[in-house]
Amino acid sequence: MDCYIRKWRIEDKNALAKIANNKNILNNLRDGIPYPYTIKDAEEYISSMLSADKNKTFAFAIMVDDVVIGSIGAFRCDNIHSWSAEMGYYIGEPYWGKGYATSAVVQICKYIFDYTDIIRIFAEPFAYNIASCRVLEKSGFQFEGTLHNNAVKNGKVLDMKMYAMVKK
């Protein structure tokens with residue numbers, strides 16, 4: 001099964017809602033994503049990604065055999081960091097551990113470095129999210145350090161890890 005990324009389509013809303021309506025996924029993401037995650041939430045997210053500034057937002061569905069299995073995006077930073085982008089991603093739980101996240105990360109980085117002026121892509125997974133840290137390492141990201149007490153998620157103060165890839 002080949003994994004590829006493509007621009008979102010509004011008709012992806014049902015598949016996205018099914019994937020994102022999962023506490024095991026949401027526990028590894030930033031706050032602001034509703035739970036339960038409805039088809040309306042998915043439609044609003046996809047619409048916002050499709051109408052976003054194409055020079056600042058790079059959002060894709062992660063696909064396997066023409067089925068949406070996840071989401072990946074990179075978002076240009078502002079001001080003196082405008083040549084950097086923060087990346088985030090998630091894969092539907094049935095697809096964990098199959099290399100799809102790593103493949104999607106490699107693909108979005110290639111796209112951004114080939115088609116934009118962005119020179120640095122970074123990600124900040126929670127330190128406990130060993131699987132996401134491993135995805136970044138396998139994709140060629142360098143571990144830059146631990147951000148101690150950097151976030152509060154589900155009422156707990158958490159460390160995060162900083163990973164980055166720079167354009168060569």
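# Close-up views of a predicted model

**View 1. The loop that holds Pro 36, which lies between α2 and α3 (39-51).** In this predicted model, the peptide bond that joins Tyr 35 and Pro 36 is cis, with omega at about 0°. The helix α2 that precedes this loop spans residues 23-26 and is among the elements that each supply at least two residues of the lining of the largest pocket.

**View 2. Two residues with positive phi, Asp 65 and Asn 79.** Asp 65 lies in the loop between β2 and β3, and its phi is near 50°, a positive value in a residue other than glycine. Asn 79, which is not a glycine either, has a positive phi of about 55° and is placed in the loop between β3 and β4. Asp 65 counts as partly exposed because its relative accessibility is 48%, whereas Asn 79, at 67% relative accessibility, counts as exposed.

**View 3. The surroundings of Asp 12, a residue in the loop between β1 (3-7) and α1 (13-20).** Asp 12 has a relative accessibility of 6% and therefore counts as buried, the cut-off being under 20%. Its side chain makes a polar contact of 2.8 Å with the side chain of Arg 6. Leaving aside residues up to four places away in sequence, Asp 12 touches Arg 6, Ile 46, Ala 61 and Val 68.

**View 4. Aromatic pairs, of which the count in this model comes to six.** Phe 60 and Tyr 111 form an edge-to-face pair, with 5.3 Å from centre to centre and 75° between the planes. This pair links distant parts of the chain, since Phe 60 belongs to strand β2 (residues 57-64) and Tyr 111 to helix α4 (residues 100-115), 51 residues apart. Phe 60 counts as buried at 4% relative accessibility, while Tyr 111 is partly exposed, with a relative accessible area of 27%. Phe 126 and Tyr 128 form a stacked pair, with 5.5 Å from centre to centre and 10° between the planes. Of these two residues, Phe 126 is buried at 5% relative accessibility, and Tyr 128 is partly exposed, with a relative accessible area of 43%. Ring pairs also link Phe 60, Tyr 111 and Tyr 115 into a cluster.

**View 5. A lysine over an aromatic ring, formed by Lys 161 and Phe 143.** Lys 161 lies over the face of Phe 143, at 5.5 Å from the ring centre.

**View 6. The setting of Ala 151 in strand β6 (residues 142-153).** Ala 151 counts as buried because its relative accessibility is 17%, where the cut-off is under 20%. Its contacts, not counting residues up to four places away in sequence, are with Phe 126, Lys 156, Val 157, Leu 158 and Met 160; Phe 126 is also a member of the stacked pair with Tyr 128. The C-alpha atoms of Ala 151 and Arg 30 are separated by 9.1 Å, although the two residues are 121 residues apart along the chain.

**View 7. The largest pocket, in which about 1,100 Å³ of space lies.** The lining of this pocket is made up of 41 residues, and those closest to its centre are Asn 28, Leu 29, Gly 88, Tyr 89 and Tyr 90. At least two residues of the lining come from each of α2 (23-26), β3 (67-76), β4 (84-91), α4 and α5 (130-138). The element that gives the most to the lining is β4, with six residues.

Methods:
Residues are numbered from 1 along each chain as its sequence is written. This is a predicted model: local features need pLDDT of at least 70, side-chain atom pairs count only at pLDDT 80 or more; totals for chains, interfaces and linings use all residues. Side-chain values use heavy atoms; hydrogens and water are left out. Helices (H or I, at least four residues) and strands (E, at least two) are DSSP runs, numbered from the N terminus. Buried means under 20% relative accessible area, exposed over 50%, partly exposed in between (1.4 Å probe, protein chains only). A polar contact is a pair of N or O atoms within 3.5 Å; within protein, one must be able to donate a hydrogen and the other to accept it, and residues adjacent in sequence count only if both atoms are side-chain atoms. Contact means heavy atoms within 4.5 Å. Rings of Phe, Tyr and Trp (its six-membered ring) pair if their centres lie within 6.5 Å; planes under 30 degrees apart count as stacked, over 60 as edge-to-face and the rest as tilted. A charge sits over a ring if NZ of Lys or CZ of Arg is within 6 Å of the ring centre and within 35 degrees of the ring normal. On a 1 Å grid over the protein atoms alone, a cavity is a set of points where a 1.4 Å probe fits but cannot get out, and a pocket is an open set with protein on both sides within 12 Å along at least five of seven lines; lining residues have an atom within 4 Å of a point. Grid points are joined across faces, edges and corners, and a volume is the space filled by probe spheres set on the points.
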